[in-house]
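Here's a quick briefing to read alongside the sequence and the 3D view. Keep the model open and click along as you go.

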Amino acid sequence: MLYNMFFMNKKFIYILLSILAIMGSCKPSAHEMALAEIEQSKQFIAENQDSIALSILDSIHIKYRTDVAVRRMADTIRWDIEYRHAVKTLPTVDSLLSDLQARLPEITKQFRFIKNEEYQTIGAFEHRQLRTENNTSRCYLKPSIDEHGKFTLTSYYIGTKAQHTVVRATVDSLSVKTLVAPSSNISQFVDVDEYKEIIIYDNELLNNIHSFIADNRDNRIKISLLGDGQPYHYYLTQTERNILAQSYELSIALTDLNRLTDQQLKLSQKIELLKMRLNK
């Protein structure tokens, strides 16, 4: 009887091991699993869910690093997605750029372009109504916009020595002020018995004071020059507010122009590269 039980147990163990072996043999291989994910990505593409498909394709490169064939398939599918997107996006960029280029002469007509070819690689636009030579004996703010759309605000001050480092614009209870200008951006000197300060606030120091002034072009704007010495206050005229607002609009236009031009070039280059990769 013990022999029969032992024999039956061995038989049961053998059957169990056989079942487990069969179950193990039915488990898909890593290559098969990778191919299944490739098919899954294609299904999402067919359902116009490219972002999910791209996520799956990215994961294939991580999970199946040694399966070169499947990774190449994933790359080809990704290239096809990127190609379709680039081809679809380029006409929109072309149209936006064309419209902006058509409007640019109207936007720039109040400005003059200044560039000394001998030592300047980037020129700048200055408003025709606010030329430095016509404003040498007063305190004012002068905007300047370079070819890339970067906005620079220069504060001109004449008076007693004040050591200003910050410009603040105030409308009613709202105000915005620049960051503190570094000493390298500040000039202090005496010119024909007049003490003067010239402080340059480049794009990184503006702290959106230029957009604040542009948004409030129809309101009374108080300018305060602040620093270690006595604060100085004055109000922008309507003409000055208009000039600063127009300068801000030009800055936006030139920034968009450079961004769209760069995007157009990159898309065109990408399309040509992907066409070669996909043999289109």
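Q246 counts as partly exposed, because its relative accessibility is 22% and the buried class stops under 20%. This is a predicted model, so treat everything here as computed from it. Q246 is found in helix α6, which covers residues 238-278. From there we'll move to the pocket, the strands around it and the open sheet.

**Around Q246**

- Leaving aside residues up to four places away in sequence, Q246 touches Q110, F111, H127 and R217.
- A214 sits 32 residues from Q246 along the chain, yet their C-alpha atoms are separated by 7.8 Å.

**The largest pocket**

- How big is the largest pocket? Its volume comes out at about 160 Å³.
- The lining of the largest pocket is made up of A124, S144, I145, D146, K150, F151, T152, D202, N203 and E204.
- Sorted by character, that lining splits into three nonpolar, three polar and four charged residues.
- Two strands, β3 (140-146) and β4 (151-158), each supply at least two of the lining residues.
- Which element gives the largest share of the lining? That would be β3, with three residues.

**Strand β3: buried or exposed?**

- β3 is mostly covered, with seven of its seven residues buried.
- Side chains in a regular strand alternate between the two faces of the sheet, so it pays to look at each face separately.
- On one side of β3 you'll find Y140, K142, S144 and D146, and every one of them is buried.
- The other side of β3 carries L141, P143 and I145, and these are buried too, so both faces are covered, given that buried means under 20% relative accessible area.

**Partners of β3**

- Strand β2 (residues 124-127) pairs with β3 in the antiparallel sense, over two bridges.
- If you want to find that pairing in the viewer, look at F125, whose bridge partner in β3 is I145.
- β4 also runs antiparallel to β3, and here the pairing takes six bridges.
- One spot to check in the β3-β4 pairing is Y140, whose bridge partner in β4 is Y156.
- β3 and β4 form a hairpin, with four residues between the two strands.
- G149 lies in the turn of that hairpin and has a positive phi of about 95°.

**The open sheet**

- Elsewhere in the list of strands, four of them form an open sheet, in the order β6-β5-β9-β10, and the pairing is antiparallel.
- Which strands are at the edges? They are β6 (174-177) and β10 (232-235), each of which pairs on one side only.
- Going from one strand to the next, the twist averages 25°.
- β5 (residues 164-171) and β9 (residues 222-227) pair in the antiparallel sense over six bridges.
- Within that β5-β9 pairing, T170 stands opposite K222 in β9.

**The chain overall**

- The protein chain has six helices and ten strands.
- It holds 280 residues, of which 36% count as buried.
- Among contacts with a separation of 6 or more, 60% in the protein chain are between residues 24 or more positions apart.

Technical notes:
Residues numbered from 1 in each chain as written. Predicted model: local features only at pLDDT ≥ 70, side-chain atom pairs only at ≥ 80, totals over all residues. Heavy atoms only, no water. 1 Å grid on protein atoms, 1.4 Å probe; cavity = no way out; pocket = protein on both sides within 12 Å on 5 of 7 lines; lining within 4 Å. Points joined across faces, edges and corners; volume = space filled by probe spheres on them. Nonpolar A, V, L, I, M, F, W, Y, C, P; charged D, E, K, R; others polar. Buried < 20%, exposed > 50% of the residue type's maximum accessible area, 1.4 Å probe, protein only. Pairing = 2+ DSSP bridges. Axes fitted to C-alpha atoms, helices over the stretch in contact; angles between N-to-C directions. Contact = heavy atoms within 4.5 Å.
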